[in-house]
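Welcome, and thanks for taking a look at this one with us. Please open the model and keep the sequence beside it.

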Amino acid sequence: MTDDLSRLKAETEAALAAATDLRAWDAVRVGVLGKNGRLTGLLKELGKLAPDERRERGAALNLLRDALNGAVEARKQALEAAEMEARLGRERMDVTLPPRPRPTGLIHPISRTMEEMAAIFGAMGFGIAEGPDVEDDWRNFGALNIPAHHPARQDMDTFYLPGTDDEGRQRVLRTHTSPVQVRTMLNQPPPIRVIVPGRTYRADHDATHSPMFHQVEGLVIDRDITLGHLKGCLIDFLRAFFGITNLPVRFRSSYFPFTEPSMEVDIGWNRKTGELGGGGDWLEILGSGMVHPKVLANCGIDPREWQGFAFGMGIERVTMLKHGMPDLRPFYESDIRWLRHYGFNPLAPVMLHEGV
Ligand code: DAH
C-alpha cells in the first residue's frame, strides 16, 4: 500500500475513533466514501493512469475501500450499541415503585345509605320502586287518605306548582315518598314488597331542615300480613343498618292518615353521648303502620283479601345518626373537603351484618 493510501487509512480510522456520535460518524463516512469523498476522488483519478499502474493502484484502492467500508460499518455498530446502552441507562425505571395515587371519586353518604338499604331490604326480598318528584295532589294526599282540609297538608308545607296535570289535578313537589305506594299498587297486582328511596320536598328551611331531602318508603302487601311482620321486618332492618345486633327497638302508638294502626319506631341511644344502643334514652327514627283499608281500596286492592304494612323514614337523619355527623347543611353544599371526610369508597362493597 502506498504511503498516501496508508495515511488515508490511518486518518480515517483515527477520525472514526474520534467520532463519538452517529452525526460525527456520518461526516467521516461522507468525507471518505461519499460522492466527493477522498477515496472516491482517488478512484476517479484511476482513469488518468497508465494501464499497468492503474491495475496495481486499482487493486490497492479496492482493498482499501473494503477495509474502510468494514471500519465504517464496525464503528456504526459500536456507536449504535453505545447509544442503546446509554438510552437503557437513562430510561431505567424501578418497577417495584408503588403507583402514583390516582384521584378517585367518593360516594355521597346519602347514596351510600340508599345502597345499604337496597342491600338489606334486597336480602329480605324487597324490590325497588320509583316515582316522579313532581306529583299530583291525589297521589301525594288524597289516595293516601289525607283529605283536602286535613291538617297534614299544612303540616307538610307543600310546594304547589302552577297549573294542573293532564288529569286535571293540582301538581305538587312530592312531600314524601308515600305517593309511590299508590303508584305501585295501581301498577302491579299484589303480592308487593318494595322500598322507595327518593327525593322529597317541603317548604321548610333551617339548621335541621332542608327544602329538598330524601326518604325511603317501604310497602308490603300480601295475604295475612300482620303487625308481627311489620315489627320483625323493621327490627331486623334497624339492627342490620346500624350494625348493632342488640339495638333496642320500641314501637309507639301514633297516627298517620294512611295507616291504621300507626306506630312510630324508636331506637335506644344515649342522649348525652349520642351513642346508639343502650343508654336508656329513646330516639324516634321512623313512621310505620298497617296500610289503611281505604288506601288499599283507593288503589284498587280489596282490603278483605289483602293486607299490608308500610313505613317511611328520613335518609339524612339515619345517615347522620349512623356516622355521627353533626350538621345537615353540608349534605348539599358539594364541599369536596366534606365529601373526602364523609364519602365512601365506591369499590367497598356494602357488607350485610349477621342476622339478615
Ligand atoms: N310519609 C310519612 C312522612 O313523610 C312517613 C310515613 C309514616 C310513611 C308511616 C309510611 C308510614 O309509609 O306507614 O312523615
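Here is a short tour of a surface patch and two buried residues.

This is a predicted model, in which local features need pLDDT of at least 70 and side-chain atom pairs count only at pLDDT 80 or more, while totals for chains, interfaces and linings use all residues. Residues are numbered from 1 along each chain as its sequence is written, and side-chain values use heavy atoms, with hydrogens and water left out.

**Asp-21 and the charged patch**
- Asp-21 sits in the loop between helix H1 (3-18) and helix H2 (22-33); helices are DSSP runs of H or I with at least four residues, and strands are runs of E with at least two.
- Asp-21 is partly exposed, at 38% relative accessible area (buried means under 20%, exposed over 50%, partly exposed in between, with a 1.4 Å probe and protein chains only).
- On the surface, Asp-21 joins Glu-73, Glu-80 and Glu-83 in a patch of negative charge (like charges joined within 9 Å, from residues with over 30% relative accessible area and no salt bridge, a salt bridge being a side-chain nitrogen of Lys or Arg within 4 Å of a carboxyl oxygen of Asp or Glu).

**Asn-140**
- Helix H6 (residues 137-140) contains Asn-140, which is buried at 0% relative accessible area.
- Beyond neighbours within four places in sequence, Asn-140 has contacts including Glu-135, Val-172, Arg-174 and His-176 (contact means heavy atoms within 4.5 Å).

**Thr-177**
- Look for Thr-177 in the loop between strand S4 (170-173) and helix H8 (179-187); Thr-177 is buried, with 0% relative accessibility.
- Leaving aside neighbours within four places in sequence, Thr-177 touches Val-196, Gly-198, Thr-200, Gln-215, Val-216 and Glu-217.
- Thr-177 and Gly-314 are 137 residues apart along the chain, with 9.9 Å between their C-alpha atoms.

Key. Patches are made of residues with over 30% relative accessible area and no salt bridge: like charges are joined within 9 Å, nonpolar side chains (Val, Leu, Ile, Met, Phe, Trp, Tyr) within 5 Å. Accessible areas come from the Shrake-Rupley method with a 1.4 Å probe; for residues, only the protein chains shown count as cover. Lys and Arg count as positive and Asp and Glu as negative; His and the chain ends are not counted. The place of a charge is taken as NZ of Lys, CZ of Arg, CG of Asp or CD of Glu.
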